[in-house]
Protein chains: 2
Amino acid sequence: MVVSAWKDLNCSIARSLDVLGERWTLLVVREACFGRTRFSEFRDALGVAPDVLSDRLATLVEVGVLERRPYREDGGRRREEYVLTPAGDDLRLVLAALQAWGDQHRPAREDRGARFVEAATGEPVTTSFVAADGRRLEPGEVLAVRPVRRPPSPVVAPV
Amino acid sequence: MVVSAWKDLNCSIARSLDVLGERWTLLVVREACFGRTRFSEFRDALGVAPDVLSDRLATLVEVGVLERRPYREDGGRRREEYVLTPAGDDLRLVLAALQAWGDQHRPAREDRGARFVEAATGEPVTTSFVAADGRRLEPGEVLAVRPVRRPPSPVVAPV
DNA sequence: GCACCTGGGTTGCGCTTGCCAACCCAGGGC
DNA sequence: GCCCTGGGTTGGCAAGCGCAACCCAGGTGC
């Protein structure tokens, strides 16, 4: 489950992928963002096998992306539903970045997929790098660096 | 390889995950962002099995995230290297979003992982939703919607 | 009271993927 | 001729995934 063997969990990207990187996981989160909460809703929307879905939901609950809670419809029996936690809400940004990338680099004839809009206005939103002072930055203006181990020099590691 | 059976490729999130969602794939891209280009660099940095690495590199080349090209060191033989294409560069935003999420929601005692900085200044950058007019938005101000099939009403689909 | 339905799963079993170790092979150096 | 090094391929085994079948608790109909 979350007992990965790719041990470089010193990297937060790897730690994110450790819990989100299995097949279906982010698609379950996507459906949760659309407001789906129930086992059968996820199963029917995604066509995922019920055992796999069961496993993914359990993992997402375990790591705090979803919260499992009982509910009861009027006159119905007690059932379980899965709702996003604040940590799950924050995954919207990851999903939106993936959506933007797929839109641009893996176009399809017809796309009925997700869109992200500003709640207040309904206008579509984008994702972007933002500098410390608030300026938007293009991906080309951003550099990936690894932290230096013991500061041998104060300059940024060039690679 | 890229012959997935999760057929709802009408969604660009699913299409992105179709090519990026296998184990190791995004970590290979992460290493490529750090400037690694060679098979053995990826293998040594990640500890990934060579057959899996070979498969992931081939897929990434096939979908246009990496470009494979021969090079020759002085007095050496011809070898292959893998460099990010512009489509690969755009994945920095996805990696940064994952990094930010992991940083916040999966903290580790020690994190020597990736950091993203502004190339011009070396200052760290963040990722964010941005409205059409350029305002930054919190994740809570953003709504995930599915496009309506035939506009039955002009309002935004609430769920 | 009993059969039935429905939501929310679990179980068994085969297929596919991933992992590890071992091997390969081309070219250059010695 | 032999070894070394980079860039892989091959084989065997374990884990993950998918399908179909089954389960079970509680509410409804009769």
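This is a short walk through the structure, one selection at a time. Keep in mind that the model is predicted.

**Stop 1: chain A on its own**

Select chain A and colour by secondary structure. You should find five helices and six strands. Going from the N terminus, the order is α-α-α-α-β-β-α-β-β-β-β. If you then colour by burial, 35% of the 159 residues of chain A count as buried. As for contacts in chain A with a separation of 6 or more, 38% of them involve residues 24 or more positions apart.

**Stop 2: DNA strand C**

Now show DNA strand C and whatever protein lies around it. How many residues surround DNA strand C? There are 20, and the closest are A:Arg38, A:Ser54, A:Arg79, B:Ala49 and B:Arg77, so put those five up as sticks. To see where this surface comes from, highlight helix H3 (39-46), helix H4 (50-62) and strand S2 (78-84) in chain A, plus helix H4 (50-62) in chain B; these are the elements that give two or more residues to it. Colour by residue class and you get nine charged, seven nonpolar and four polar residues near DNA strand C.

**Stop 3: DNA strand D**

Hide strand C and bring up DNA strand D. Around DNA strand D sit 18 residues, of which A:Arg77, B:Arg38, B:Asp51, B:Ser54 and B:Arg79 come nearest. Which elements give two or more residues to this surface? From chain A it is H4, and from chain B they are helix H3 (39-46), H4 and strand S2 (78-84). The class colouring here shows eight charged, six nonpolar and four polar residues.

**Stop 4: where the chains meet**

Drop the DNA and select the contact between the two protein chains. Each side is listed with its own count: 73 residues from chain A and 73 residues from chain B. On the chain B side, the elements that give two or more residues are H1, H2, helix H5 (86-89), H6, strand S3 (115-118), strand S4 (126-130), strand S5 (136-137) and strand S6 (142-145). Pick out H6(B) in particular, as it gives the most to this side, with 14 residues. By class, the side of chain B that touches chain A has 40 nonpolar, 17 charged and 16 polar residues.

**Stop 5: a helix crossing between chains**

Stay at the contact and select helix H5 (residues 86-105) of chain A with helix H1 (residues 12-20) of chain B. Their axes come within 7 Å and cross at roughly 85°, so H5(A) and H1(B) are roughly perpendicular to each other. From H5(A), show A:Leu95, A:Leu98, A:Gln99, A:Trp101, A:Gly102 and A:Asp103; from H1(B), show B:Ser12, B:Ile13, B:Arg15, B:Ser16 and B:Leu17. That contact has five nonpolar, four polar and two charged residues.

**Stop 6: strands pairing across chains**

Next, select strand S3 (residues 115-118) of chain A and S6(B). The two run antiparallel and are joined by four bridges. For one bridge pair, zoom in on A:Val117, whose partner in S6(B) is B:Leu143.

**Stop 7: a crossing inside chain B**

Finish with helix H2 (residues 25-33) and helix H6 (residues 91-105), both of chain B. They pack at an angle of about 110°, with axes 10 Å apart; H2(B) and H6(B) are therefore roughly perpendicular to each other. Label B:Leu26, B:Val29, B:Arg30 and B:Cys33 on H2(B), then B:Leu91, B:Arg92 and B:Leu95 on H6(B), to see the contact. Its residues divide into five nonpolar, two charged and no polar.

Terms used: Residues numbered from 1 in each chain as written. Chains lettered and ligands numbered in written order. Predicted model: local features only at pLDDT ≥ 70, side-chain atom pairs only at ≥ 80, totals over all residues. Near = placed C-beta within 6 Å. Nonpolar A, V, L, I, M, F, W, Y, C, P; charged D, E, K, R; others polar. Axes fitted to C-alpha atoms, helices over the stretch in contact; angles between N-to-C directions. Parallel < 35°, antiparallel > 145°, perpendicular 65-115°, else oblique. Contact = placed C-beta atoms within 7 Å. Pairing = 2+ DSSP bridges. Buried ≥ 20, exposed ≤ 12 C-beta atoms within 10 Å, placed from the backbone.
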